[in-house]
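Me: I would like a close look at a single part of this protein, with the surroundings described step by step. Please take the sequence and the structure together.

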Amino acid sequence: MNTLAIGWGSDDFSFMMYDPARAYDVDSGTVIENVYDTLVGYKGNSMTDIEGRLAESWTLENNDQSYRFKLRTGVKFHSGNPFTCADAEYSLRRNLVTNHPLSSNWFLSESLLGTAANANADSTINFARIAVAVKCDGNDLVLTMTKYDPALLAKLAYSGQSVVDSKHAIAVGEWDGTEATWKKWVGAELLKGGLAAKPSGTGPYKVVSLGDKELKFTAFDGHWAGKPSIQNVVMRAEPDADKRLKDFLAGRTDLGAVPRSKVKGQPGVAVLEDLPITNTDALYLNQNIKPSPYLGSGQLDGQGIPADFFKDVNVRRGFVAALDVAGVMASLPNPNGKIEGFVLPEGFPSYERIEPPKFDMAAAEKALRAAWSGQVWEKGFKFDIPVYDTDPQQNPYLVNLKDNLAKMNPKFVINFVKRSDNPNFEEALAPIGPASWYADYADADNIVYSYFAPGAYNAVRAGINSPQLENYIRDGRSALIPALRGDVYRKTAELANDQALYIILPSYPAARSYRDVVQGLTRENYNPLRNFAILWKDLSKSKS
């Protein structure tokens, strides 16, 4: 049977979001990018070359403030409804109208409305502004920005900006597309809406069933780019890692979340290695810790730390210099990571190799002796770090930091405690914790903003509020020449390292294991800016 079986490492699929206007995770995005189409997409494995999907071509006009998209004709939705400009207009207006705080629509809104907020949070937004920003002119779609955004095309390639079937959406109870009703849909929770239950896109695969344990899809014969080679796709939720491994080695699944070390070299298995990534990982040093049980006494008295302990740059510099990142990496089962000096991964637009901070115990001691006018060294400190697993082997970098600081001064005490399993756990409660970002689109601003902009995802956790970094972010967004943007991000990296804002952890190239009956999983088709990196339509299967 011509079926692609994928083993998914989750208890079930109840968490999945099948409405593009709400989905903002890799799992849901994997479904959406195969069921729906965006206006534009990434060409092959390129992170910079954009090609047309539902848009055949586009031009800049209105002094580079508007994009005009010439849309494909003859395209059908899975419902049988014809695709028209009205569907593209409805989809992007709907994204701007709803703009749920946990959706991806904040970055589209930044480009088209000049704010990441929705109309509930920003009273200057009205329907007229949305209608001007997104409108049809005949069968052309015209998007008007508040000012030229060099990242807009990349943003439109993100699966959350997919085009939905407007007639179908309205029929299943979604926003009717009118000014009369738009306000009640602002910030609406779409997780259990009609479109989430009954998706209808123009993509190469259409939904057969969306179960808790199994998702089924079949090839769409009427896809504008041609029918896919693989007829059926099945995603199976399997939380048991041993069971996923057995299913994969037995050929019951073709792709899945399995450890490379246990499948490489096995009969019928192929592994694609040294693949690009679009994420970086770090440890934040929280300069503005919210009241929490992790601070001990809450004072700099040897029994705790104050909430602004890491506000002193010498504390941060001491912690950064005391962590032997290279030494820890060399001791791990996979010692082949790359230590970076900034949050942009290698190969990403505007990437430039930045020399990482050095492990230097003498420099660490000097900084900590100066911290808090000598009080840190004299009195010491004691605080807790909440972690998912208190086993030292699961936290090698934190263990190294803890041990090195204790060797330097026995009054420096860090303990690990089990963090809450509550999904709403606030990272800003922790003195030190994980910072990470997977790029939504191919522009350095998407990653840099997350780490350094006041109020952004990682910056909140680190308690960062730097006017200079805010200026750099603004300069990076407005610079139209790549060399100028690169210069801005270099300055950002230099300032971030001088101020010891994060401890950057090693990055590791990706790998993908698959049964060798699957063809098309190649470097040429692999693009980490897609949710699953490989589109199902680019795959085929030989007889086993």
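In which strand does threonine 144 lie, and what can be said about the sheet and the helices around that strand?

Reply: This is a predicted model, and what follows should be read with that in mind. Threonine 144 lies in strand S7, and it counts as buried because its relative accessibility is 16%, where the cut-off for buried is under 20%. Leaving aside neighbours within four places in sequence, threonine 144 is in contact with Asn62, Gln65, Ser66, Leu112, Val132 and Ala133. Of these, leucine 112 stands 32 residues away along the chain, yet the C-alpha atoms of leucine 112 and threonine 144 are separated by 6.2 Å.

The sheet comes next. Strand S7 belongs to an open sheet of 4 strands, in the order S4-S5-S7-S6, and the pairing is antiparallel. Strand S4 (55-61) and strand S6 (134-137) are at the edges with a single partner strand each, so one side of each has no neighbour in the sheet. From one strand to the next, the twist averages 25°. Between S4 and strand S5 (residues 66-71), which run antiparallel, there are 6 bridges; one pairing to look for is that of alanine 55, whose bridge partner in S5 is leucine 71. Helix H2 packs on this sheet, where it touches S5, S6 and strand S7 (140-144), and the direction of H2 makes about 170° with that of S6.

From the sheet one can move on to the helices. The axes of helix H2 (residues 85-98) and helix H3 (residues 105-113) come within 9 Å and cross at roughly 100°, which means that H2 is roughly perpendicular to H3. At this crossing, Leu92, Asn95, Leu96 and Thr98 of H2 meet Asn105, Leu108, Ser109, Leu112 and Leu113 of H3, and the residues of the contact divide into 5 nonpolar, 4 polar and no charged. Leu112 therefore appears twice in this account, since this residue of H3 takes part in the meeting with H2 and is also among the contacts of threonine 144, a link between strand and helix that can be followed in the structure by starting from threonine 144 in S7.

Technical notes:
Residues are numbered from 1 along each chain as its sequence is written. This is a predicted model: local features need pLDDT of at least 70, side-chain atom pairs count only at pLDDT 80 or more; totals for chains, interfaces and linings use all residues. Side-chain values use heavy atoms; hydrogens and water are left out. Axes are lines fitted to C-alpha atoms, for helices over the stretch in contact, and angles run from 0 to 180 degrees between N-to-C directions. Helices (H or I, at least four residues) and strands (E, at least two) are DSSP runs, numbered from the N terminus. Angles under 35 degrees count as roughly parallel, over 145 as roughly antiparallel, 65 to 115 as roughly perpendicular and the rest as oblique. Contact means heavy atoms within 4.5 Å. Ala, Val, Leu, Ile, Met, Phe, Trp, Tyr, Cys and Pro count as nonpolar, Asp, Glu, Lys and Arg as charged, and the others, Gly among them, as polar. Two strands pair if DSSP finds at least two bridges between them. Buried means under 20% relative accessible area, exposed over 50%, partly exposed in between (1.4 Å probe, protein chains only).
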